[in-house]
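Colleague: Could you take me through the disulfides in this one, slowly and in some detail? Once that's done, carry on to whatever else in the chain deserves a look.

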Amino acid sequence: MSAIAGGVNLLLTGTDTRTGQGTAFETSVVLEGSSGAENNDVTILLHIAQNHQRVSVVGFPRDLMLAVPACPQPDGGTTPASSRVMLNTTLSRGGLSCVVLTIEKLIGIQIPYAAQVSFDGVTAMSDAVGGVTVCLATPVNDLYTNPPLHLAAGQQTLIGADALSFLRSRKGVGDGSDLGRISNQQVFMAALARKVVSGGVLGNPIALFSLAKAVTKNMVLSDTLTNPTTLVQIAVALKDTGLLNMVFLQYPTVSDPIEWGRVIAESSAAEVLNMALVADQPLQLTGDPGPGAVLASSAPVVPGPLTSATPQATSTSPPVSTPAAAPAPAPTDAVLPTSVTGQTAAEQTCTKDN
C-alpha cells in the first residue's frame, strides 16, 4: 500500500455527549452534563508535511475564545458568524464542518479531512491498539471522571474505560485546567506513537486495515475519510517520519482579559505557529512539556502503594531516561517561542499532578 500523495491536514474532535454512550452515562445526573447537542471538548489538528518527513499535532484548548465563521446547518440554514465564541461550542453550533471552518479561519489553512469520536469510540479505539503504557510522575486521582481514576505513580497500561478517563481528566493532572489536560493527552499520544512505531504497525498493511476498520466503525468521518484505504494511506505516510520529527504541541494562549476561566490566542506566538503551518515548515520546540507533564529524566521518583486494583502498575517509579536531543534548527525551521508547550514523540514524558 502506497502513502497518500502530498501533505495532510486532518482535524480530530472529541465530543463530550453522554447520549448513547452506555449504561455508565445514562443516569439523569450524568446526562445533564452534556446530552443531545454535543460539545467538542477535544480539538486536535494533525498536519503531515508535503514530504512526509514531519508531523505536527496541535491541541486547542476547549475554552479558547475566538471568531467563528458562518456555519451551514443540515436543514439548509446557516448559523451566523460571530466575533467571540468558545471553541468547544462549535460542534453543537454547526456540526463537524463548523469546527473545521473555525480552525481553518484561525490558522489560515485548508483542512480536507475530519473525524469525530465519542466516549465509546475512544474506549473502542484504545481496545483496538491493545492499550497504551504511560508514565506517571505522581499518583493521579480524579473523582470527576467516569470511571474515577486512582492510579499510582510509575508505569500504567491504560485500556478501555480507564484510557478514556485518563484522557478526559482535568482535576487529576497538572493545574486542574484544560491546559493541563492537553499536555496530559500529549503524554498519551506520544506513548501511543512510540508503541505503533516500535511495533512496526505502520509497515504492516494487515494491522493498518484492522485499525482503519475500527476507526470507521467508531467515528463520525468526513466524506473524504469514509474509505478505509484513505486512512491506511495517511498512516503509511508516517512510516518513515521518525519519532523525533513527530511534534505534539498546544496552541499558544493567554488568559482572557474579559472572562475569567477562558483563554485567547497569544497573538505573537500564534502568528509564528500559523505561518509555519501554512508554509509547511518544520517546527522546533523551545518550551517545556506543559503544566500536566514533565520530562522523565527530571521526574521525581515517587514510591507509593497502589490505590486501585485496576489497572495495575508495572513499576512504582517513573523511568529515568535521557530525552532524545532535538536536532539543531535548520535555516528553514520555525523556532517556536517558549510559550508554546509540547514535546516530540521521542521524548519520554510523565504525567504529573500539582
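**A close look at the disulfides**

Modeller: Sure, let's begin with Cys135, which a disulfide joins to Cys350, with 2.0 Å from S to S. Keep in mind as we go that this is a predicted model. The torsion about the S-S bond of Cys135 and Cys350 is 80°, and the link is right-handed. As for where the ends sit, Cys135 belongs to strand β9 (residues 132-136) and Cys350 to strand β21 (residues 349-351), so this bond ties together parts that are 215 residues apart in sequence. Both ends are covered up: Cys135 has a relative accessible area of 5%, which makes it buried, and Cys350 is buried too, at 0% relative accessibility. The cut-off for calling a residue buried is under 20%.

That isn't the end of it, since a search of the whole structure turns up 2 disulfides. The other pair is Cys71 and Cys98, whose sulfur atoms are 2.0 Å apart. Here the torsion about the S-S bond is about 65°, so this disulfide is right-handed. Cys71 sits in strand β5 (residues 71-72) while Cys98 sits in helix α2 (residues 90-107), so the bond ties together parts that are 27 residues apart in sequence. Cys71 and Cys98 are both buried. If you count the bonded cysteines along the chain, the pairing pattern reads 1-2, 3-4.

Staying around Cys71 for a moment, have a look at Thr79. This threonine is found in strand β6 (residues 78-79). Once you set aside its neighbours within four places in sequence, Thr79 is in contact with Pro69, Ala70, Cys71, Gln73 and Arg93, so one of the bonded cysteines is on that list. Pro69 and Thr79 are 10 residues apart along the chain, and their C-alpha atoms are separated by 8.6 Å. With a relative accessibility of 15%, Thr79 counts as buried.

For the wider setting, the chain has 8 helices and 21 strands. It runs to 354 residues, of which 51% count as buried. Of the contacts between residues at least 6 apart in sequence, 70% join residues that are at least 24 apart. The accessible surface comes to about 14900 Å², and carbon and sulfur atoms account for 57% of that.

Now for some helix packing. Two packed helices are described by the angle between their axes and by the distance between those axes. Helix α3 (residues 119-128) and helix α4 (residues 161-168) have axes that come within 8 Å and cross at roughly 120°. α3 and α4 are therefore oblique to each other, and α3 passes α4 in a right-handed crossing. From α3, the contact is made by Phe119, Val122, Thr123 and Ser126, and from α4 by Ala161, Ala163, Leu164, Leu167 and Arg168.

A loop residue I'd point you to is Thr341, which lies between β19 (334-335) and β20 (342-344). Thr341 is buried, its relative accessible area being 13%. Leaving out neighbours within four places in sequence, Thr341 touches Phe248, Leu249 and Gln250, plus Asp288, Pro289 and Gly290.

Last, some backbone geometry. Most residues other than glycine have a negative phi, and most peptide bonds are trans. Against that background, Asn146 and Pro147 are joined by a cis peptide bond, with omega about 5°. Pro147 is in the loop between β10 (140-142) and β11 (149-151). His52 is not a glycine, yet has a positive phi of about 65°; you'll find His52 in the loop between β2 (40-48) and β3 (55-60), where it is buried with a relative accessible area of 14%. Asp280 is also a residue other than glycine with a positive phi, near 60°. It lies in the loop between α8 (267-279) and β17 (283-284), and at 18% relative accessibility Asp280 counts as buried.

Key. Residues numbered from 1 in each chain as written. Predicted model: local features only at pLDDT ≥ 70, side-chain atom pairs only at ≥ 80, totals over all residues. Heavy atoms only, no water. Helix = DSSP H or I, 4+ residues; strand = E, 2+ residues; numbered from the N terminus. Buried < 20%, exposed > 50% of the residue type's maximum accessible area, 1.4 Å probe, protein only. Contact = heavy atoms within 4.5 Å. Areas by Shrake-Rupley, 256 points an atom, 1.4 Å probe, with all protein chains shown as cover. Disulfide = S-S within 2.5 Å. Axes fitted to C-alpha atoms, helices over the stretch in contact; angles between N-to-C directions. Parallel < 35°, antiparallel > 145°, perpendicular 65-115°, else oblique. Left-handed = near helix turned anticlockwise from the far one by under 90°.
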